[in-house]
Amino acid sequence: EVYFKNLSKPKQNEVMDKNGNNHKLRICVATCNRADYSKLAPIMFGIKAEPQFFELDVVVLGSHLIDDYGNTYRMIEQDDFDIHTRLHTIVRGEDEAAMVESVGLALVKLPDVLNRLKPDIMIVHGDRFDALALATSAALMNIRILHIEGGEVSGTIDDSIRHAITKLAHYHVCCTRSAEQHLIAMCEDHDRILLAGCPSYDKLLSAKNKDYMSIIRMWLGEDVKTRDYIVALQHPVTTDIKHSIKMFELTLDALISFNKRTLVLFPNVDAGDKEMVRVMRKKGIEHHPNFRAVKHVPFDQFIQLVAHAGCMIGNSSCGVREVGAFGTPVINLGTRQTGRETGENVLHVRDADTQDKILHALQLQFGKQYPCSKIYGDGNAVPRILKFLKSIDLKEPLQKKFCFPPVKDNISQDIDHILETQSALAVDLGGTNLRVAIVSMKGEIVKKYTQLNPKTYEDRLELILKMCVEAASEAVNVNCRILGVGISTGGRVNPREGIVLHSTKLIQEWSSVDLRTPISDALHLPVWVDNDGNCAALAERKFGHGKGIENFVTLITGTGIGGGIVHQHELIHGSSFCAAELGHIVVSLDGPECLCGSKGCIEAFASGIALQREAKKLHDEDLLLVEGMSMKEEVVSAAHLIQAAKLGNTKADSILRTAGTALGLGVVNILHTMNPSLVILSGVLASHYINAVKDVINRQALSSVKTADVVVSNLADPALLGAASLVLDYTTRRIY
């Protein structure tokens, strides 16, 4: 609440409508259970913090008021909200008929409440049968409805209820881009859809720094350690109750066999919930030394429990949505969440006929740590929702308008609804400079930051985090939504784990370095890491000459020589992540010594370091400078050698031709080995080598490979673009 009070700046005392009349927006928030309150509470705090704009009425119904489910209305009172009305709407029963009767009872009781409150807007969350009663009542009484989390896809009857509420609602707040697309496909008005993210993420993304050990000990015992316990939350599947009960039995059997301390939460109010409780008691879960069975855990404490758990198991939407914010492993059981977008932390067990499959899933997932996922939000949902509420014009006609096909090509909303451009944070770790950039989906570098690369591991990592945090903050100002962080670095990289295995000599203290974990933890974003040569190839595949090409090779000619190989549209990493070390192809048995320790590598002939070495030799013998050339810099560089060759220095020209020949021989070897249709020369030296490389191919390559094109890259910054493509390709091509 303090956060939202600080967020709201002093403004005019009341909302001014178009005719100059002062009017506060009267909002009714109705909450039915512990799950929807966790999503609605951040919005309620935001509304309460701006009394000059809003009046808040809270209606509580459903399982909040049932002792078997923890009397969770008390947590609303503890949050200092005045509950205007309590409605007992749950009809006790164990079959589908009880759910129908509960909806009917709510429909009988709600009209009187809404007549007394006369809200301007009713906020309804999610997909529960109680929410359907709320939306139906409000729609029939001509009250505008704002629906939270519409457009999502899942299993059970909830899916149908969610879409039914969508058709009744006047305004929609969705959490993901896919959900937004679904709403548009369902013919909802584009201008009344806000892509805000999940409100619970506003609290989740700042939750991990709190004192969590006391909470863990309170619920699981004094001897429990972080990452060494399980949280289990499983609900009945109303479209197949018998099967879901059977799977719950198998889950408990697997948890007993797995022998880890486990917190089991009671299921929610659905047909079949009582049978699930009976299964728990039959197996002695409430008295088992490894288990703690509870009806309810306050959301703030539940966040800490799942954030530091070794695993979460069950079929709750919390597992596939909120838990991804912490990278906690999740085992999703059955069909209840089928169709939900998930992060890589979720392992699905769609069907299980024995406990062995679930037990094996526990063995695979328990104790892992995944990158934090922000599929469902970035922590800024509530400010967007409040701004959206203020933009609602009550003088507009109440009757809904549907946008039937054809759907507009441009589905982006007005900037006032803060729909950002999908973008990536790209990091390039070079031998000299450390660069961070915001890169858009189209390959535009929106903002770039450059610093000297520190010499020590600690200083380097600290600077990376500082620059990334600064860039992520700036992304909001330039209207960009950051999907993740991509890192391009020299050396051998394990991209699966995000670890730099061995560095080049140009970057010190940079071996066996885990880059993914600290950056993901700090930014709450997924992180990808790869070798700079591979990143250059990815940049070409997405933005450059390699776009649409099935087989091509990229060669980087710079301080060193590197590259990347794309075969059948996929990047080749090799069995030990050492593929495409193209600079270390040997082209001469008695050539100059390379930094790798070998002799005659391409890099020993054609890299910037090699040319600088030869330039120094000429300079020491007074054979470098020619007429029209002067040495302003104290340090002799490859650029001086190139300049001397252009001005007629025959020895400098001979060195460049030898370097070009060495590179050409390497390309011939690549053509004979990989048979690509395209070779792309990238880097500052590419344009100086292109003709020499083509000449060597014409002289020495087999006729069957001479048809391959050899071109110079047209990308200005392949390292940053490649790092960005690590993020953009992965996050936008995944299909769930």
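Asp273 is buried, at a relative accessible area of 3%, where buried means under 20% relative accessible area, exposed means over 50%, and partly exposed is what falls in between (1.4 Å probe, protein chains only). Its salt-bridge partner Lys274 is partly exposed, at 24%. The closest N and O atoms of Lys274 and Asp273 are 3.6 Å apart; a salt bridge here is a side-chain nitrogen of Lys or Arg within 4 Å of a carboxyl oxygen of Asp or Glu.

A word on the ground rules: this is a predicted model, with local features needing pLDDT of at least 70 and side-chain atom pairs counting only at pLDDT 80 or more, while totals for chains, interfaces and linings use all residues. Residues are numbered from 1 along each chain as its sequence is written, and side-chain values use heavy atoms, with hydrogens and water left out.

**Salt bridges**

How many salt bridges does the rule give? The count comes to 38. Here are three of them:

| Pair | Closest N to O distance |
|---|---|
| Lys274 and Asp273 | 3.6 Å |
| Asp127 and Arg340 | 3.7 Å |
| Asp159 and Arg162 | 2.6 Å |

Take Asp127 and Arg340, whose closest N and O atoms are 3.7 Å apart. This pair links distant parts of the chain, 213 residues apart: Asp127 sits in the loop between strand 4 (121-125) and helix 5 (129-140), and Arg340 in the loop between strand 12 (330-333) and strand 13 (346-349). Helices (H or I, at least four residues) and strands (E, at least two) are DSSP runs, numbered from the N terminus. Both Asp127 and Arg340 are buried.

Asp159 and Arg162 are a local affair: both lie in helix 6 (residues 158-168), 3 residues apart, or about one turn of the helix. Each of these two residues is buried as well.

Back to Lys274 and Asp273, which form a salt bridge of their own. Elsewhere, bridges that share partners tie Lys39, Asp127, Glu149, Glu152, Asp159, Arg162, Arg321, Glu322 and Arg340 into one network.

**Strand 17 and its neighbours**

Is strand 17 (residues 480-489) enclosed or open? With 10 of its 10 residues buried, strand 17 is largely enclosed by the rest of the structure. Strands count as paired if DSSP finds at least two bridges between them. Strand 14 (residues 421-429) runs parallel to strand 17, joined to it by 8 bridges, and Ser423 stands opposite Ile482 of strand 17. Strand 21 (residues 527-531) is also parallel to strand 17, with 5 bridges joining the two; there, Ile487 stands opposite Val529 in strand 21.
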